[in-house]
Amino acid sequence: MATRAKKAAKSKTKARKATPQAAYRLAGELKAAVLPKKKKHSLITEAEFDPRKSLARLAGWPKQKFHISHLREKDFRNDGFRGYTLCRDLGFAKATGGMIQAHVNRRARPFDAKEVSKPHFHDTLFQMVYVLKGWVRSEFEGQGVLTMREGACWIQPPGIKHCVRGYSNDLEILEIILPAQYDTVNIAPRAKGKL
Ligand SMILES: [Fe+2]
């Protein structure tokens, strides 16, 4: 009996590791165990500041440069793989040694489900989205269909399956993503509400 239970647990572990989403979830659980329980943000003097702590925290992070991206309409370009998107790259990838990508996205044409509603996930470490203008309706794995309007901000955990279900013509979003280079993985089409 005990052997059967052990085998079942082993096969469950195997199944869990079989998909990228399961791996992301597992990584998240492991990391959660070492995160501090309370947010700590202290105001200290220059004399109290210990640069060694700062250096230890930054170990492994690429060197960052001071960088500004000013608004220029001509910088909104097609991003190369989604014809309905106009993307203004904010230049963070170069300034952060490839650690972070930040861009502002607009829509190049009205929503067309056939073109846009393709379920997918991104192979990222972090992704944040902020609606600057308009609205977007998306379906997220385990969350259902949600409408995000101007001022809404959310995190898409690594590997979460999602699908855009609608947007306003004036939609404008800011996205911050780690790392700067990542893959988008298209998955099999699913009906609305079935992600
Ligand atoms: Fe996406």
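Reader: What makes Val-131 a residue that touches Met-148 and Ile-173?

Author: Two residues are in contact if their C-beta atoms, placed from the backbone, lie within 7 Å. Leaving aside residues up to four places away in sequence, Val-131 touches Val-136, Met-148, Arg-149, Glu-150, Gly-151, Ala-152 and Ile-173. This is a predicted model, in which local features need pLDDT of at least 70 and side-chain atom pairs count only at pLDDT 80 or more, while totals for chains, interfaces and linings use all residues. Residues are numbered from 1 along each chain as its sequence is written.

Reader: Why are Val-131 and Ile-173 said to belong to a nonpolar core?

Author: A nonpolar core is a set of buried Ala, Val, Leu, Ile, Met, Phe, Trp, Tyr and Cys residues joined through C-beta atoms within 7 Å. A residue is buried if 20 or more other C-beta atoms lie within 10 Å of its own, exposed if 12 or fewer, and partly exposed in between, with C-beta atoms placed from the backbone. The largest such core has 8 residues, namely Val-131, Val-136, Cys-163, Val-164, Tyr-167, Leu-171, Ile-173 and Leu-195. Strand β9 (residues 162–167) gives the most to this core, with 3 residues; helices (H or I, at least four residues) and strands (E, at least two) are DSSP runs, numbered from the N terminus.

Reader: How do you know that β5 and β10 pair?

Author: Two strands pair if DSSP finds at least two bridges between them. Strand β5 (residues 126–133) is joined to β10 by 7 bridges, and the two run antiparallel, with Ile-173 in β10 as the bridge partner of Val-131. Strand β3 (residues 101–107) also pairs with β10 in the antiparallel sense, over 6 bridges, and there Glu-175 in β10 is the bridge partner of His-103.

Reader: What makes β1 and β8 edge strands?

Author: The open sheet is formed by 6 strands in the order β1-β2-β3-β10-β5-β8, with antiparallel pairing. β1 (77–78) and β8 (153–155) each have a single partner strand, so one side of each is left without a neighbour in the sheet. For β1 that partner is strand β2 (residues 85–89), to which 2 bridges join it, and Asn-78 stands opposite Leu-86 in β2.

Reader: Why is helix α3 said to lie largely in the open?

Author: Of the 8 residues of helix α3 (residues 51–58), the number buried is 0, so the helix lies largely in the open. In the protein, 14% of the 195 residues count as buried.
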